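Visitor: I would like to walk through this model and ask about the labels. Please set each value against its cut-off.

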Amino acid sequence: MKLISWNINGLRSFKAGVKGLLAELDADIICFQETKATRSVLEETSAIVDGYSAFFSFPRYQSGYSGVATFCKDAYRPFAAEEGLTELWTSLECPDSLGCYGDTSDFDSKHISSVDGEGRTVLTLHHIRCGEEVKRIAVINVYCPRADPEKPERGQIKLDFYELLERRAMSLLRNGIEVIILGDLNTSHRKIDHCDPSDDEDFDSNPGRIWLSQFLENSTTVTEDENIGGLLDAIFFVMCLSTKSSTRTCS
């Protein structure tokens with residue numbers, strides 16, 4: 001199974017259109033972040049592409065902002081799909097939902113609506129054959145919030161989003177579903193991941209990096225105790241593309 005994740009900075013930024021882009025990428029599951037699309041302006045040619053199933057999440061409170069989309073080849077069409085990290089946007093009676101939301105009772109419902117209502121998550125559930133075994137795999141496509149230094153409240157929203165992401169992932173793991181989290185976490189985990197790493201000793205004290213390290217460590221510890229696999233931080237290939245100049249830089 002070939003997966004690609006790309007922050008595209010606008011779904012309409014490609015001259016060849018979505019169909020041409022998907023053909024060029026030629027992946028089984030393609031996750032886009034920052035689509036900057038709304039339901040009312042989404043063009044049919046971007047939403048309906050032969051050979052693919054498409055799943056979108058749109059921001060509910062601000063247009064032309066955020067947004068994620070997951071395109072799956074017909075051979076990898078999901079058995080379930082939904083948007084959001086919580087059950088807020090999913091009917092519990094819907095047979096196509098993934099479930100396994102985790103306990104969010106300590107969050108205020110209005111705050112959850114704010115954190116989980118910016119169109120930042122699409123989940124798809126796939127059945128993948130591995131040898132003689134068929135595994136259930138949840139692909140979580142996320143575009144995590146940015147901590148804006150000029151808006152201190154955004155830093156807390158980012159951390160709360162991370163917390164909801166962790167609870168959902170751990171709940172899925174505990175229910176026997178393997179998890180792939182990919183997208184734009186808006187946090188460079190290690191200096192090697194950063195485009196301009198600093199020698200500042202405070203690099204590792206960034207709240208986002210602290211959460212990510214603890215999340216990976218906690219998932220491994222908890223899941224080992226429960227005899228299931230944990231999560232790994234893995235970056236296999238990085239490609240930086242300019243949608244304006246069509247240039248590419250690979251590493």
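Visitor: Are Glu82 and Arg168 buried or exposed?

Guide: Both Glu82 and Arg168 are buried. That label requires a relative accessible area under 20%. Keep in mind that this is a predicted model.

Visitor: What makes Glu82 and Arg168 a salt bridge?

Guide: Their closest N and O atoms are 2.9 Å apart. The cut-off is 4 Å, so the pair qualifies. Glu82 lies in strand β5 and Arg168 in helix α4 (residues 152-174), so the bridge ties together parts 86 residues apart in sequence.

Visitor: Which residues do shared salt-bridge partners join into one network?

Guide: Asp106, Glu163 and Arg167. The structure holds 11 salt bridges.

Visitor: Why is Thr104 called buried?

Guide: Its relative accessibility is 12%. The limit is under 20%, so Thr104 counts as buried. Thr104 is found in the loop between β5 (80-83) and α3 (109-115). Leaving aside neighbours within four places in sequence, Thr104 is in contact with Thr86, Ile112, Leu164 and Arg167.

Visitor: In what order do the four strands of the open sheet run?

Guide: The order is β1-β2-β4-β3, and the pairing is mixed. β1 (3-7) and β3 (52-57) stand at the edges. Each has a single partner strand, so one side of each is left without a neighbour in the sheet. From one strand to the next, the twist averages 15°.

Visitor: What makes the pairing mixed?

Guide: β1 and β2 run parallel, joined by five bridges. β2 (residues 29-33) and β4 (residues 68-73) pair in the antiparallel sense, over five bridges. A pair needs at least two bridges, so both pairs qualify. In the parallel pair, Trp6 stands opposite Phe32 in β2. In the antiparallel pair, Ile29 has Cys72 in β4 as its bridge partner.

Visitor: How do you know that β2 is largely enclosed?

Guide: Five of the five residues of β2 are buried, so the rest of the structure largely encloses this strand. Both faces of β2 are covered. Ile29, Cys31 and Gln33 are buried on one side, Ile30 and Phe32 on the other.

Visitor: Which helix lies across β1, β2, β3 and β4?

Guide: Helix α1 (residues 17-25) does, running at about 125° to β2.

Visitor: Why is Ala54 called partly exposed?

Guide: Ala54 has a relative accessibility of 25%. Buried means under 20% and exposed means over 50%, so Ala54 falls in between. Ala54 is found in strand β3. Not counting residues up to four places away in sequence, Ala54 touches Ala47, Thr70 and Phe71.

Visitor: How many ångströms separate the C-alpha atoms of Ala54 and Lys73?

Guide: The separation is 9.0 Å, with their positions 19 residues apart along the chain.

Visitor: What makes Lys73 and Asp26 a salt bridge?

Guide: Their closest N and O atoms are 2.8 Å apart. That is within 4 Å, so the pair counts. Lys73 sits in strand β4 and Asp26 in the loop between α1 and β2, 47 residues apart. Lys73 is partly exposed, at a relative accessible area of 22%. Asp26 is partly exposed too, at 44%.

Visitor: Why does Asp28 have no salt bridge?

Guide: Lys73 is the nearest side chain of opposite charge, 4.4 Å away. The cut-off is 4 Å, so this pair does not count. Asp28 is nevertheless buried.

Visitor: Where is Asp28, and what does its side chain reach at 2.7 Å?

Guide: Asp28 is in the loop between α1 and β2. The side chain reaches the backbone nitrogen of Lys2 at 2.7 Å. A polar contact requires N or O atoms within 3.5 Å, so that distance passes. Beyond its neighbours within four places in sequence, Asp28 is in contact with Met1, Lys2, Phe71, Cys72, Lys73 and Tyr76.

Visitor: What makes Asp74 and Arg77 a salt bridge?

Guide: The closest N and O atoms are 3.1 Å apart. The limit is 4 Å, so the pair qualifies. Asp74 is partly exposed at 38% relative accessibility. Arg77 is partly exposed, with a relative accessible area of 47%.

Technical notes: Residues are numbered from 1 along each chain as its sequence is written. This is a predicted model: local features need pLDDT of at least 70, side-chain atom pairs count only at pLDDT 80 or more; totals for chains, interfaces and linings use all residues. Side-chain values use heavy atoms; hydrogens and water are left out. Axes are lines fitted to C-alpha atoms, for helices over the stretch in contact, and angles run from 0 to 180 degrees between N-to-C directions. Contact means heavy atoms within 4.5 Å. Buried means under 20% relative accessible area, exposed over 50%, partly exposed in between (1.4 Å probe, protein chains only). Lys and Arg count as positive and Asp and Glu as negative; His and the chain ends are not counted. A polar contact is a pair of N or O atoms within 3.5 Å; within protein, one must be able to donate a hydrogen and the other to accept it, and residues adjacent in sequence count only if both atoms are side-chain atoms.
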